[in-house]
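This report describes one protein chain. It starts with the terms and then turns to the fold, one helix, the cysteines, the aromatic rings and two loop residues.

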Amino acid sequence: MPASNDSNPKLYMANRGNFSGRIGFILTAAGSAVGLGNIWKFPYLAGQNGGAVFLFIYLFCIFVLCYPVMVGEISIGRNAGLDAYGSYSKLGGKRWGYLGLFGILTGIFILSFYNVVAGWAFGYFLHISFGDLLLEKDFGAFFNLFVNDIFDLTSPEGFANSNFLFSIVFMAMTAFIVARGIQKGIEAANKIMMPILYLILICIIVYSLTLPNAMSGVRFYLIPDINELKIQTVFEGLKQAFFSLSLGMGTLMTYGSYLKKNENIPSSVAVISLADTSVAFLAGLMVFPLVHFLQFKLQVTEVATAGPPLIFIVLPQIFHEMGPLLGRLVGGLFFLLVCFAALTSTISLLEVPVAYLVDQKKLSRRNVSWATALLIFVLGLPVMVSQGMVPALNKLAFYKGQDYLVFIADMCDISLTVGGCLMCIFITRRWKIKNMHEELEQGNPGYKNSFLKKYLTYAIQYVCPVLLGILSILIIIDKFVGIGEIF
Ligand code: TRP
């Protein structure tokens, strides 16, 4: 019988905090996974990349490549009982610790841009629910003003409409929750927000399916278009799967370090992956009927759905069409949903550097949470101005004319798949697969002779590192050179 955290005082690290139990952990990890990536990015990626074809590739990536990586990441964290740097260096020596640091750094950069987009959503939530944004005629112009006016802090009006304010408040909410600790802050927040998130999602889907032309949206979303199958579709699917599951940089390792020994990791991971995938799938089912309803209303054949315009320009137009009262209700709920999804993710991102500073530098969680949040907010300033204010940053000349937000998001995507690949190599060559199995047997007696154990042995040692390695290299080539120019 493996020692549980509670019965073995040495393993029970009360000062670090831990999850109260299975439900708390699953909701919190799912909260990290479900985020802007699901609601904002997944629907338009699927729409652009051949609908059901993309869905199929995505599911393959989730269950074949991401599942083993997530199990590995959580078991490293739980075994070491430390932050990302601490876990790698405890189990593998100082040199492997750098991999943990690399992950922490990636997390810092992800949060720096993620928080800016979350701030937009928060601003829209307030403007739609309590302001008169829905009277707006041109949402494109509004969005541009909103993201560009960040330095107009001179007049009270300019200040109230600036993205600067919303982003800083969003970061402060994140810091507030992380500062309260694992059970009282992070877990409690997720336990409230995640069920509400599902509820709102279901309500909006039901409503949007009743709109005229809804079925055309559903068809567009779900009927496969094999012609769209390109190697880039596979890259997009893999990057999206890693990002969506919060893999490859130590978020789940850190959360795993707060998990008790008697919890069953493989089954929790299955639930977390399913929860994340279902929200991504359902988000498409919510968005496309709305978009096709708008096309019907405006009598146009297509509206731009890629990138920020989808939820910040196209959807508000739809809420506008619904009339002042219904629009305020549905639109307000929609952006509340986005805010909840984003907040449960920003918490998990901030927790990674915070756990590092608490564990390694023995600093107080409260102070560290606020200080790190402030620092990351400052790091996000170029992302804000990249949306138009400063021409030099707006279009980084060296990066295919893309803006800084796209640039930094792309770099982080690459770090995640590379991080996942290196983690598999770490388990195989340094920590050893048998130690992972031992960790997984705790809380899961049936694991010893299971098919899953055989599968994970192959997946972690061969399938994942090889495929992730090859795909990461191809993704890098494609980003900087263009795959079409080589093959
Ligand atoms: N998974 C979240 C989303 O889909 C974002 C996120 C949170 C994340 N923590 C992460 C992404 C860690 C990568 C790594 O929006």
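A residue is called buried when its relative accessible area is under 20%, exposed when it is over 50%, and partly exposed in between (1.4 Å probe, protein chains only). The model is predicted, so local features need pLDDT of at least 70 and side-chain atom pairs count only at pLDDT 80 or more, while totals for chains, interfaces and linings use all residues. Residues are numbered from 1 along each chain as its sequence is written, and side-chain values use heavy atoms, with hydrogens and water left out.

**Overall fold**

The chain contains 21 helices and zero strands. Both kinds of element are DSSP runs numbered from the N terminus: helices are H or I with at least four residues, and strands are E with at least two. Of the 487 residues, 59% are buried. A contact means heavy atoms within 4.5 Å. Among contacts with a separation of 6 or more, 79% join residues 24 or more positions apart. The exposed area of the chain is about 19200 Å², and carbon and sulfur atoms supply 67% of it. Areas come from the Shrake-Rupley method with a 1.4 Å probe; for residues, only the protein chains shown count as cover.

**Helix 15**

Helix 15 covers residues 324-361, and its end C-alpha atoms are 53 Å apart. The expected span of a helix is 1.5 Å times one less than its number of residues. For the 38 residues of helix 15 this gives 56 Å, which agrees with the span in the model. A kink of about 30° lies at E351, shortly before the proline P353; the bend is the angle between axes fitted to the seven residues ending at a position and the seven starting there. Helix 15 is largely enclosed by the rest of the structure, because 27 of its 38 residues are buried. K362 follows helix 15 and has a positive phi, near 55°.

**Cysteines**

How many disulfides does the rule give? The count is zero, where a disulfide is a pair of cysteine sulfur atoms within 2.5 Å. The sulfur of C424 has its closest cysteine sulfur in C464, at 4.8 Å, which is too far for a bond. C424 is buried, at 0% relative accessibility, whereas C203 is partly exposed, at 46%.

**Aromatic rings**

Rings of Phe, Tyr and Trp (its six-membered ring) pair if their centres lie within 6.5 Å; planes under 30 degrees apart count as stacked, over 60 as edge-to-face and the rest as tilted. By this rule there are 29 aromatic pairs. One of them joins F319 and F334, which are tilted, with 5.9 Å from centre to centre and 45° between the planes. F319 belongs to helix 14 (residues 309-321) and F334 to helix 15, so the pair ties together parts that are 15 residues apart in sequence. F319 is buried, with a relative accessible area of 1%, and F334 is buried at 0%. Ring pairs link F319 and F334 into a cluster with W120, Y124, F142, F143, F312 and F335.

**Positive phi in two loops**

N213 and Q299 are compared below.

| Residue | Phi | Loop between | Relative accessible area |
|---|---|---|---|
| N213 | about 70° | helix 9 (182-209) and helix 10 (214-222) | 30%, partly exposed |
| Q299 | about 55° | helix 13 (265-298) and helix 14 | 65%, exposed |

N213 is not a glycine, although its phi is positive. Q299 also has a positive phi without being a glycine.
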